[in-house]
Amino acid sequence: MQIPSRFTIAIHIMTAIDTFQNDYKVTSDFLAGSINVNPVIIRRTMQALKGAGLIEVRRGTGGMEIARPMKQITLLDIFNAVEPLENGQLFHFHENPNTACPVGRNIHAGLDDKLFSIQAAMEDKMKSITLEEVIRDTQSFIARENN
């Protein structure tokens with residue numbers, strides 16, 4: 001299983017907003033150049049981030065900014081904004097295991113709690129990492145390049 005790139009694109013968008021907002025007009029075209037994807041993907045991701053209250057987009061003059069203090073935005077907040085889970089579940093269980101089969105009849109009982117535990121651990125870890133940490137670390141690497 002691989003989490004789609006919308007999640008990392010969203011983190012990249014927010015990091016670039018913070019890094020460049022004082023020097024450039026940060027637009028979807030600007031971000032598309034940094035991320036190296038189509039501006040349509042950027043606009044869709046920005047829409048999701050805006051809908052979740054994580055960024056503010058200025059009409060007319062353009063540009064955007066992060067809507068909340070970065071230490072209050074976790075990776076889970078960003079993930080939930082751009083990767084909404086169907087029924088709140090990370091793992092999609094196949095719909096109709098064969099109840100005539102002993103495995104099919106009991107697979108949910110043997111596996112569901114384990115999958116919920118895995119999801120809870122992932123969410124707990126994502127809650128513990130803030131956007132502020134990601135931006136700080138990224139800017140540290142940028143500073144090293146410039147020395």
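In the predicted model, P97 is buried, its relative accessible area being 18%. This value falls under the 20% below which a residue is taken as buried. P97 belongs to the loop that runs between α4 and α5. When residues up to four places away in sequence are set aside, P97 touches G104, I107 and H108. For one of these partners, I107, the C-alpha to C-alpha distance from P97 is 8.0 Å, with a separation of 10 residues in sequence.

Helix α4, which precedes this loop, spans residues 75-82. Of its 8 residues, 6 are buried, and α4 is therefore largely enclosed by the rest of the structure. The buried positions of α4 are L75, L76, I78, F79, A81 and V82. The elements that cover them include α1, α3 (39-51), α5 (102-127) and α6 (131-145).

The packing of α4 against one of these covering helices, α1, was examined further. Helix α1 comprises residues 6-20, and its axis lies 9 Å from that of α4, at an angle of about 120°. Because this angle falls outside the 65 to 115 degrees that count as roughly perpendicular and is not over 145, α1 is oblique to α4. The crossing of the two helices, α1 and α4, is right-handed. On the α1 side the contact is formed by R6, F7, A10, I11 and M14, and on the α4 side by L75, I78, F79 and V82. By residue class, the contact of α1 with α4 consists of 8 nonpolar residues and 1 charged residue, with no polar residue.

Aromatic rings also take part in the pairing of these helices. The model contains 4 aromatic pairs. In one of them, the ring centres of F7 and F79 are 5.4 Å apart and the ring planes stand at 80°; as planes over 60 degrees apart count as edge-to-face, the pair is assigned to that class. The pair joins distant parts of the chain, since F7 lies in helix α1 and F79 in helix α4, with their positions 72 residues apart in sequence. Both partners fall under the 20% limit for burial: F7 is buried at a relative accessible area of 12%, and F79 is buried at 3% relative accessibility. Elsewhere, ring pairs connect F20, Y24 and F30 into a cluster.

A further helix contact is that of α2 with α3. Helix α2 covers residues 28-35, and its axis comes within 8 Å of the axis of α3, the two crossing at roughly 110°. Since angles of 65 to 115 degrees count as roughly perpendicular, α2 is placed roughly perpendicular to α3. The crossing of α2 and α3 is right-handed. S28, D29, L31, A32 and I35 of α2 meet P39, I42, R43 and M46 of α3. The residues of this contact between α2 and α3 comprise 6 nonpolar, 1 polar and 2 charged.

Among the α2 residues of this contact is S28. S28 is buried, with a relative accessibility of 12%. Beyond its neighbours within four places in sequence, S28 is in contact with P39, I42, R43, M46 and M64. Of these partners, P39, I42, R43 and M46 are the α3 residues that take part in the contact with α2.

The loop between α2 and α3 holds N36. Most residues other than glycine have a negative phi. N36, however, has a positive phi of about 65° although it is not a glycine. N36 is exposed, at 69% relative accessibility, a value over the 50% limit for that class.

Helix α6, one of the elements covering α4, contains E132. With 38% relative accessibility, E132 is partly exposed. When neighbours within four places in sequence are left aside, E132 is in contact with M70 and K71. E132 and I73 lie 59 residues apart in sequence, while the C-alpha to C-alpha distance between E132 and I73 is 7.7 Å.

Conventions
Residues are numbered from 1 along each chain as its sequence is written. This is a predicted model: local features need pLDDT of at least 70, side-chain atom pairs count only at pLDDT 80 or more; totals for chains, interfaces and linings use all residues. Side-chain values use heavy atoms; hydrogens and water are left out. Axes are lines fitted to C-alpha atoms, for helices over the stretch in contact, and angles run from 0 to 180 degrees between N-to-C directions. Helices (H or I, at least four residues) and strands (E, at least two) are DSSP runs, numbered from the N terminus. Angles under 35 degrees count as roughly parallel, over 145 as roughly antiparallel, 65 to 115 as roughly perpendicular and the rest as oblique. A crossing is left-handed if the near helix is turned anticlockwise from the far one by less than a right angle, and right-handed if clockwise. Contact means heavy atoms within 4.5 Å. Ala, Val, Leu, Ile, Met, Phe, Trp, Tyr, Cys and Pro count as nonpolar, Asp, Glu, Lys and Arg as charged, and the others, Gly among them, as polar. Buried means under 20% relative accessible area, exposed over 50%, partly exposed in between (1.4 Å probe, protein chains only). Rings of Phe, Tyr and Trp (its six-membered ring) pair if their centres lie within 6.5 Å; planes under 30 degrees apart count as stacked, over 60 as edge-to-face and the rest as tilted.
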